[in-house]
Amino acid sequence: MKKILAIVLAAALLCAALPLSALAFDPHIIYGGQTGCRLASWTFTQANNAWLLWDVTFKSVCDGRVLETEADHPNLIGRSVIPTFDFEGDRVTFNGEEITSDASSITLKEQNDLVVFSGETKAEYQISITEKTNGVPVVLIDT
């Protein structure tokens, strides 16, 4: 009886531990920063995007796995922008399409997947764009 109770208790502890370890890693994000395969910087500049009110620089959070804007900018989601970025690797894709810094136009969503490839190695990043409001309507007129 003690052996059965010990087996049941061990199985219960193992099952209880599984959700915690599963939550520790997001299946859509792989740690970036591998040697020779990483995103060094990601920015939307006014020089490449005349409609921007200011440069939008992203910072790395969550051990370098997620990029977030440092300063809020209204009206980014759904807009086409030309990103400026530096990376170590062979090529970069944004939401599945290969892109080039200061040249490729991309359309932004709330969650965007960016992958840096170097041979067989890849570093995946998630770029999150959250538009915060203070309750006051914002109207931007693009002429």
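The following exercises, each with a worked solution, concern salt bridges, strand pairing and the nonpolar core of a predicted model.

The model's local features need pLDDT of at least 70 and side-chain atom pairs count only at pLDDT 80 or more, whereas totals for chains, interfaces and linings use all residues. Residues are numbered from 1 along each chain as its sequence is written, and side-chain values use heavy atoms, with hydrogens and water left out.

**Exercise 1.** Determine how many salt bridges the structure holds, and describe each pair.

*Solution.* Step 1: a salt bridge is a side-chain nitrogen of Lys or Arg within 4 Å of a carboxyl oxygen of Asp or Glu. The structure holds two of these.

Step 2: one joins E88 to R38, with the closest N and O atoms 3.2 Å apart. E88 belongs to strand β5 (residues 83-88) and R38 to strand β1 (residues 38-44), so the pair ties together parts that are 50 residues apart in sequence. Strands (E, at least two residues) are DSSP runs, numbered from the N terminus.

Step 3: the other links E124 and K122, at 3.8 Å from N to O.

Step 4: buried means under 20% relative accessible area, exposed over 50%, and partly exposed in between (1.4 Å probe, protein chains only). E88 is partly exposed at 33%, and R38 is partly exposed at 30%. E124 is buried at 18%, whereas K122 is partly exposed at 37%.

**Exercise 2.** Identify the strands that pair with β9, and give the sense of each pairing.

*Solution.* Step 1: two strands pair if DSSP finds at least two bridges between them. Strand β6 (residues 91-94) pairs with β9 (residues 111-118) in the antiparallel sense over four bridges; here T93 stands opposite V115 of β9.

Step 2: β9 also runs antiparallel to strand β10 (residues 121-128), to which eight bridges join it. In this pairing L114 faces Y125 of β10.

Step 3: the hairpin of β9 and β10 has two residues between the strands, and G119 takes a positive phi near 65° there.

**Exercise 3.** Locate L114 with respect to the largest nonpolar core.

*Solution.* Step 1: a nonpolar core is a set of buried Ala, Val, Leu, Ile, Met, Phe, Trp, Tyr and Cys residues joined through side-chain atoms within 4.5 Å. The largest has 23 residues, and those with the most contacts inside it are W42, F44 and L114.

Step 2: β1, β2 (56-61), β6, β9 and β10 each supply at least two residues of this core.

Step 3: with neighbours within four places in sequence left aside, the contacts of L114 (heavy atoms within 4.5 Å) include L39, W42, V92, F94 and I127.
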